[in-house]
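Student: I am new to this structure and would like a close look at one part of it. Please take the salt bridges and go through them slowly.

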Amino acid sequence: MAWALKLLRGLLLPLRAFNLVALTLCKQLSVLLVAGMTLIILLQVFCRYVLNNALPWSEELALYLMVWMTFITLPIASYKGQHAALVFLAARLGDRARALLEIILFGLILLVLVLALDRSWAFASKGANILMTSLPASKGWAYVSLPLGFSLCIAVYLELTLDALRRLFSPLPVLEADDPAARQRDDSPLRQALERI
């Protein structure tokens, strides 16, 4: 059993480090995307109502920035557990039963994400041959956010699954950040690192 926990730790720690860097970059990029969307919409309102000359490209660009922002923030929300969830059952279970339930749920989520990743690559590839309506660029640039977001979500759910496996076999946390309750507290080192950005 000790070798299995060592193996889980060996897989979990590099994946956690990758996710920390990736989610930090996603968080910074999402701030830039929201700022860009806001500025473009304000510029559009000014041009349309003050100058009486609407910009033909602003709506489309703001829309694609919103698509990017959605798929860039998806792994962040998944990692922090801020997506819609039914917690009444999990709250009544013991630690190991909750870990087993999480393994099953995360496995199903991973299956859906792998299927979505496959479909999204095909979608982005088809979009590469279609020009945007008002911008001189391919729609593939907008659609590549889907496979990127799904890939990052797969990395997040792999980490969460490995952590649940570790908790199933060992009730002791490997790191403070491994403690499920630490994800909800403000003093978790991983949460502090994500919040500093």
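Tutor: What follows is a walk through some of the salt bridges, with a short look at the helical spans afterwards.

The model is a predicted one. Side chains of opposite charge can pair when their charged atoms come close. Searching the whole structure for such pairs gives eight salt bridges.

Start with Arg-16 and Asp-163. Their closest N and O atoms are 3.9 Å apart, and the two form a salt bridge. Arg-16 belongs to helix H1, which covers residues 2–49, while Asp-163 belongs to helix H6, residues 145–169, so this pair ties together parts that are 147 residues apart in sequence. Both partners, Arg-16 and Asp-163, are buried.

Asp-163 has a further partner, Arg-167. The side chains of Asp-163 and Arg-167 meet in a salt bridge with an N to O distance of 3.2 Å. Here the two residues sit in one helix: they are four residues apart in H6, and therefore separated by about one helical turn. Why is Asp-163 counted as buried? The cut-off for buried is under 20% relative accessible area, and Asp-163 has a relative accessibility of 2%. Arg-167 counts as buried too, at 11% relative accessibility. These residues are part of a wider arrangement: salt bridges that share partners join Arg-16, Glu-102, Glu-159, Asp-163, Arg-166 and Arg-167 into one network.

Now turn to Arg-48 and Glu-59. Their side chains meet in a salt bridge, 3.8 Å from N to O. Arg-48 is in helix H1 and Glu-59 is in helix H2, residues 58–80; the two are eleven residues apart, and the pair links distant parts of the chain. Arg-48 is partly exposed, its relative accessible area being 33%. Glu-59, with a relative accessible area of 57%, is exposed, because the cut-off for exposed is over 50%.

Last come the spans named in the record. An unreviewed UniProt entry lists residues 20–46, 61–79, 99–117 and 141–160 under "transmembrane region". In the model, residues 61–79 are 100% helix and 0% strand, with 28 Å between the end C-alpha atoms. Residues 99–117 are likewise 100% helix and 0% strand, and their end C-alpha atoms lie 26 Å apart.

To return to the pairs, Asp-163 is the residue to keep in view: Asp-163 forms a salt bridge with Arg-16 and another with Arg-167.

Note on methods. Residues are numbered from 1 along each chain as its sequence is written. This is a predicted model: local features need pLDDT of at least 70, side-chain atom pairs count only at pLDDT 80 or more; totals for chains, interfaces and linings use all residues. Side-chain values use heavy atoms; hydrogens and water are left out. UniProt positions are given in the numbering used here, feature names are shortened, and annotations may be inferred rather than shown by experiment. A salt bridge is a side-chain nitrogen of Lys or Arg within 4 Å of a carboxyl oxygen of Asp or Glu. Buried means under 20% relative accessible area, exposed over 50%, partly exposed in between (1.4 Å probe, protein chains only).
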